[in-house]
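This report walks through one protein chain, going from its overall layout to a few of its helices and residues. Please keep the sequence and the 3D view at hand while reading.

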Amino acid sequence: MMMSSDDIRVAIVHRDGLYRDSLRYCLTQTDHISVVHSSCGGDLKLWKTVVTHTPNLVLLEFGLCRQQGLLDSFSGICVPAFGVKTIVIGVPDRDEDILACIESDGAAGFLLTDSSLDDLLKNIH
C-alpha cells in the first residue's frame with residue numbers, strides 16, 4: 001500500500017521478531033496506517049526511531065518499558081517535543097503495572113498480548 005500524508009505513522013518496538021513482523025504485516029494491510037519502523041528496542045534505538053522516522057504512535061512492548069524504565073524517559077521527552085503517543089502491549093504481572101504505564105508513565109493506552117487485531121486498530125485510531 002502507498003503511504004498517504006493522512007496515514008497514522010506507526011513504529012513497533014518489540015523483542016520478539018515473529019510478533020513484531022506479524023504486527024507489521026497486519027498493520028500494512030490496513031488503510032490509513034503506515035508502519036515506518038520496527039525494531040527490537042533499546043533506549044538509543046527508540047530515540048533514533050522517533051527522530052529519523054517521525055512516527056505518530058509507538059507500539060511498545062511492556063517488558064522493554066518496565067525493564068529499562070524506557071517508557072518513563074521516552075514519554076517525558078518525546079510526547080511533548082514530537083507529539084508521539086505510546087500504546088504499550090504485553091502481559092503484566094500485576095494490574096497496578098497497567099495503571100502505572102498510563103497514569104505515571106504517560107502511555108496513551110495498554111493492550112494485553114492476547115488482544116485482537118480489531119482491538120489494536122480501535123486503539124490506534
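Two residues are said to be in contact when heavy atoms of theirs lie within 4.5 Å. In this predicted model, Gly41 offers a first use of that definition: leaving aside neighbours within four places in sequence, Gly41 is in contact with Val13 and Leu64. Gly41 sits in the loop between strand 2 and helix 2 (43-53), and because its relative accessibility is 8%, Gly41 counts as buried. The C-alpha atoms of Gly41 and Leu60 are separated by 8.4 Å, although these residues are 19 residues apart along the chain.

## The chain as a whole

The chain contains six helices and five strands, and when these are read along the sequence they follow the pattern β-α-β-α-β-α-α-β-α-β-α. Of its 125 residues, 43% count as buried. Among the contacts in the chain with a separation of 6 or more, 67% are between residues 24 or more positions apart.

## Helix 1

What should the twelve residues of helix 1 (residues 17-28) span, at 1.5 Å a residue? The expected span is 16 Å, and the end C-alpha atoms of the helix are 16 Å apart, so the expectation and the model agree. The buried residues of this helix are Arg20, Leu23 and Leu27. Seen down the axis of helix 1, the buried residues fall within an arc of 65°, and therefore they line one face of the helix. A general property of helices helps to make sense of such spacing: an α-helix has 3.6 residues a turn, so residues three or four places apart point the same way.

On the other side of helix 1, Leu18 and Tyr25 are exposed. The buried residues of helix 1, by contrast, pack against strand 1 (8-13), strand 2 (33-39), strand 3 (57-61), strand 4 (85-90) and helix 6 (117-124). At the start of the helix, a side-chain oxygen of Asp16 comes to within 3.0 Å of the backbone nitrogen of Leu18.

Beyond helix 1, in the loop that leads to strand 2, lies Thr30. A polar atom of the Thr30 side chain is 3.1 Å from the backbone oxygen of Cys26. These two residues fall into separate accessibility classes: Thr30, at 15%, counts as buried, whereas Cys26, at 29%, counts as partly exposed.

## Helix 6

Helix 6 can be described in a similar way. Its residues Leu120, Leu121 and Ile124 are buried. Viewed down the axis of helix 6, the buried residues fall within an arc of 95°, so they too line one face of their helix. The face turned away from this buried side carries the exposed residues Asp118 and Lys122. The buried residues of helix 6 pack against helix 1 and against strand 1, strand 2, strand 3, strand 4 and strand 5.

## An aromatic pair

The structure holds one aromatic pair. The rings of Phe62 and Phe110 have their centres 5.6 Å apart and their planes at 70°, and because planes over 60 degrees apart count as edge-to-face, the pair belongs to that kind. Phe62 lies in helix 3 (residues 62-68) and Phe110 in strand 5 (residues 109-112), so the pair ties together parts that are 48 residues apart in sequence.

Is Phe110 buried or exposed? Its relative accessibility is 13%, so Phe110 counts as buried. Not counting residues up to four places away in sequence, Phe110 touches Phe62, Ile87, Val88, Gly90, Pro92, Ile98, Cys101 and Ile102. Phe110 and Leu99 are eleven residues apart in sequence, and their C-alpha atoms are 8.8 Å apart in space.

## Accessibility and cysteines

The table gathers relative accessibility values for several residues, with buried meaning under 20%.

| Residue | Relative accessibility | Class |
|---|---|---|
| Gly41 | 8% | buried |
| Phe62 | 9% | buried |
| Phe110 | 13% | buried |
| Thr30 | 15% | buried |
| Cys26 | 29% | partly exposed |
| Cys40 | 35% | partly exposed |

The cysteines raise one further point. A disulfide is a covalent bond between the sulfur atoms of two cysteines. How many disulfides does a search of the whole structure find? The search finds zero disulfides.

Note on methods. Residues are numbered from 1 along each chain as its sequence is written. This is a predicted model: local features need pLDDT of at least 70, side-chain atom pairs count only at pLDDT 80 or more; totals for chains, interfaces and linings use all residues. Side-chain values use heavy atoms; hydrogens and water are left out. Helices (H or I, at least four residues) and strands (E, at least two) are DSSP runs, numbered from the N terminus. The expected span of a helix is 1.5 Å times one less than its number of residues. Buried means under 20% relative accessible area, exposed over 50%, partly exposed in between (1.4 Å probe, protein chains only). The arc is that of the directions from the helix axis to the C-beta atoms. A polar contact is a pair of N or O atoms within 3.5 Å; within protein, one must be able to donate a hydrogen and the other to accept it, and residues adjacent in sequence count only if both atoms are side-chain atoms. Rings of Phe, Tyr and Trp (its six-membered ring) pair if their centres lie within 6.5 Å; planes under 30 degrees apart count as stacked, over 60 as edge-to-face and the rest as tilted. A disulfide is a pair of cysteine sulfur atoms within 2.5 Å.
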